[in-house]
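Here is a friendly walk through one structure, from its surface to its interior. Have the sequence and the 3D view at hand as you read.

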Amino acid sequence: MKLLANILTLFIVMSTTPIFTFSKNANISNWRIVDDVVMGGKSNGTFSLNNNGYGEFSGKISLENNGGFSSVRYNMKTIAVKATSKIIVKLKGDGKTYQLRIKANTNDRHSYIKPFTTSGEWQTISIDLNAMYPTFRGKTLDIPNFDKTSIEELAFLIGNKKEEQFKLLIESISLE
């Protein structure tokens with residue numbers, strides 16, 4: 001029985017594909033902030049490695065000038081997702097709702113998104129790729145949910161239609 005448990009554990013570990021694992025030495029140069037300032041808003045987000053080596057996305061959302069969002073985006077080499085079905089994120093939020101967003105191609109205008117609510121404690125968020133629906137500038141599009149074979153961009157966005165401070169710590173992101 002113990003052998004079977006070890007084999008299953010090994011299979012589970014081997015079937016996980018890391019996208020990004022944060023550490024004190026992680027290179028976060030491919031992560032960038034995109035706030036509502038691109039359309040005249042005044043929100044202010046930042047992204048850095050904190051003292052414990054976690055990715056820290058934090059800032060303040062402003063509704064001034066029709067603003068109201070902040071995002072951090074990770075551009076990566078193309079990652080095949082054909083043999084996977086979920087994105088797994090280990091994180092600690094502030095009790096607020098965020099969106100996980102992906103793009104099959106960085107040149108796509110639309111993203112596929114799935115909102116999730118944080119608990120204020122460390123948690124593992126599991127999002128089915130085929131549950132991610134297409135949006136562009138906050139509008140849901142009339143095309144199928146994510147059904148692509150790869151991704152090139154991943155993002156976290158906060159935009160809850162209210163002024164608020166936010167802080168999201170990220171430990172790791174993987175495919176399963």
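Let us begin on the outside of this predicted model. V38 has a relative accessible area of 62%, and because anything over 50% counts as exposed, this valine is classed as exposed. V38 sits in the loop between β2 and β3 (44-49). Together with V37 and M39, V38 forms a nonpolar patch on the surface, and the three residues share about 300 Å² of accessible area.

Now to the strands. An open sheet is built from seven of them, in the order β2-β5-β12-β7-β8-β10-β11, with antiparallel pairing. β2 and β11 stand at the edges with a single partner strand each, so one side of each has no neighbour in the sheet. Strands β5 and β12 run antiparallel and are joined by eight bridges. One residue pair to look for there is N75 and its bridge partner in β12, E153.

The strands with residue ranges mentioned for this model are these:

| Strand | Residues | Note |
|---|---|---|
| β2 | 31-35 | edge of the sheet |
| β5 | 70-80 | eight bridges to β12 |
| β11 | 139-140 | edge of the sheet |
| β12 | 150-158 | eight bridges to β5 |
| β13 | 164-175 | five residues in the core |

What lies inside? In soluble globular proteins, nonpolar side chains tend to be buried together. Here the largest nonpolar core has 36 residues, and W31, I87, L154, F156 and I173 have the most contacts inside it. Strand β13 supplies the largest share of this core, with five residues. Follow L154 outwards, setting aside neighbours within four places in sequence, and you will find contacts that include I19, W31, V72, I87, L100 and I173.

Terms used: Residues numbered from 1 in each chain as written. Predicted model: local features only at pLDDT ≥ 70, side-chain atom pairs only at ≥ 80, totals over all residues. Heavy atoms only, no water. Core = buried A, V, L, I, M, F, W, Y, C linked by side-chain atoms within 4.5 Å. Buried < 20%, exposed > 50% of the residue type's maximum accessible area, 1.4 Å probe, protein only. Helix = DSSP H or I, 4+ residues; strand = E, 2+ residues; numbered from the N terminus. Contact = heavy atoms within 4.5 Å. Pairing = 2+ DSSP bridges. Patch = residues over 30% accessible without salt bridge, like charges linked within 9 Å, V, L, I, M, F, W, Y side chains within 5 Å. Areas by Shrake-Rupley, 256 points an atom, 1.4 Å probe, with all protein chains shown as cover. Salt bridge = Lys/Arg side-chain N within 4 Å of Asp/Glu carboxyl O.
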